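User: Please take a close look at the backbone for me, in one connected account. I would like to hear about its torsion angles and where they sit among the helices and strands.

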Amino acid sequence: MGVLGISLLQQYRIGRYILEKKLSGEKRYPLVLMLEPLFRCNLACAGCGKIDYPDEILDKRLSVQECLGAVDECGAPVISIPGGEPLLHKEMPEIVAGIIKRKKFIYLCTNALLLSKRIKDYTPSPYFAFSIHLDGNREHHDASVCQEGVFDRAVAAIKLCRERGFRVTVNCTLFQGAKPEDVAKFFDYCMELDIEGITISPGYSYERAPRQDIFLQRATSKRLFRDIFRLGKGHKWRFNQSSLFLDFLAGNQTYQCTPWGNPTRNIFGWQRPCYLFSEGNYAPTFRSLMEETDWAKYGTGNHPKCANCMAHCGYEATAVNDTLDNPLKAFKVFLQGPRLEGPLAAELPVNYPEKPASVSIPIDDLHHKSGEAS
Ligand code: SF4
Ligand code: SF4
């Protein structure tokens, strides 16, 4: 467990990029560009905050030039292409080819429904991976995406991609009610599929999502991750994330969000502050996003809407920076896995006066494992 799934080339390039930024004294720099070329999707998942726009918005696309312009403007070494469903974008192969030409690492995030049909438009490359959305085993995933049969089609697509030599990762968001035993079995299954790694994240409480009751509260998330990692001892699960991010999920690190680590460009412009949380506030250029956003307003304890967020797009960049600042600590977690017993790391103080409307602490949570600080 705790083994990084990403290739050595990718680790080397990202490490070099961060060191260069640190040496040049740059305080804020992006690691992953979240490029959303369209919001239209061929699924309608209950936890999705992207698809309930009116048709005229869902019909909009970023052009090839706009996408590659955003890649150049931002300079991040990794490009994640979520959506909507990117495979619905007719020019996606051209966009991917342009990014590969720039030697950036791409994760094309797809629900995989169109993958068998479109796979012929892509060529395997060390710079390119399909990141396939799977939120658990068959029953769980089909319930999560609100359609039967999607899990089986996604698994068939994964097998096809592997046969054709593509890099594949699985993108798994865990929602309230996830059972550690089921998640552990699912991770075992992912390893059997011979994928490169799993990206895990607790679901973020989208303001726009149709259902608000399924998102994990922070302390519940940490306990869930500890339970899952406990079951993973000796199972050699590969994650596409840093060891310290996994340690943070298990409640062992007090991290503040690094929202500029994963800037988002979509059809409206550069979204402030992050991929998950849209205040309807868009910057016209990447530079204006970085320089004119009041970053101190966001993150744990700084904004009520960030209260329960532990998502990788906010906290992975923090963990990666911590890895470079404290390599020995990171190496220890890499070797041993996250600590699974004892108190949870302290939470950051809350700096806003009003109690967040979305946060309620069930009484049994207060009594649960009374030794743990949450
Ligand atoms: S597949 Fe992704 S973009 Fe499409 S509805 Fe589901 S969560 Fe939203
Ligand atoms: S904590 Fe960070 S990543 Fe999460 S919603 Fe707030 S700004 Fe976005």
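Analyst: Helices, of at least four residues, and strands, of at least two, are DSSP runs here, numbered from the N terminus. With that in hand, happy to walk you through it; do keep in mind that this is a predicted model.

Let's begin with a loop. Between helix H4 (92-101) and strand E4 (105-110) you will find lysine 103. Its phi is near 60 degrees, which is positive although the residue is not glycine. Most residues other than glycine have a negative phi, so a positive value deserves a second look.

Aspartate 194 also has a phi near 60 degrees, again positive in a residue other than glycine. It belongs to the loop that runs between helix H8 (180-192) and strand E7 (197-202). Is aspartate 194 buried, partly exposed or exposed? It counts as partly exposed, because its relative accessibility is 42% and that class spans the range between the under 20% of buried and the over 50% of exposed.

Now to the peptide bonds. Most of them are trans. The bond joining arginine 272 and proline 273, however, is cis, with omega at about -10 degrees. Proline 273 is part of strand E10, and its bridge partner is serine 278 in E11. These strands, E10 (residues 269-273) and E11 (residues 278-283), pair in the antiparallel sense over four bridges. Together they make a hairpin, with four residues between E10 and E11.

Notes. Residues are numbered from 1 along each chain as its sequence is written. Chains are lettered from A and ligands numbered from 1 in the order in which they are written. This is a predicted model: local features need pLDDT of at least 70, side-chain atom pairs count only at pLDDT 80 or more; totals for chains, interfaces and linings use all residues. Side-chain values use heavy atoms; hydrogens and water are left out. Two strands pair if DSSP finds at least two bridges between them. Buried means under 20% relative accessible area, exposed over 50%, partly exposed in between (1.4 Å probe, protein chains only).
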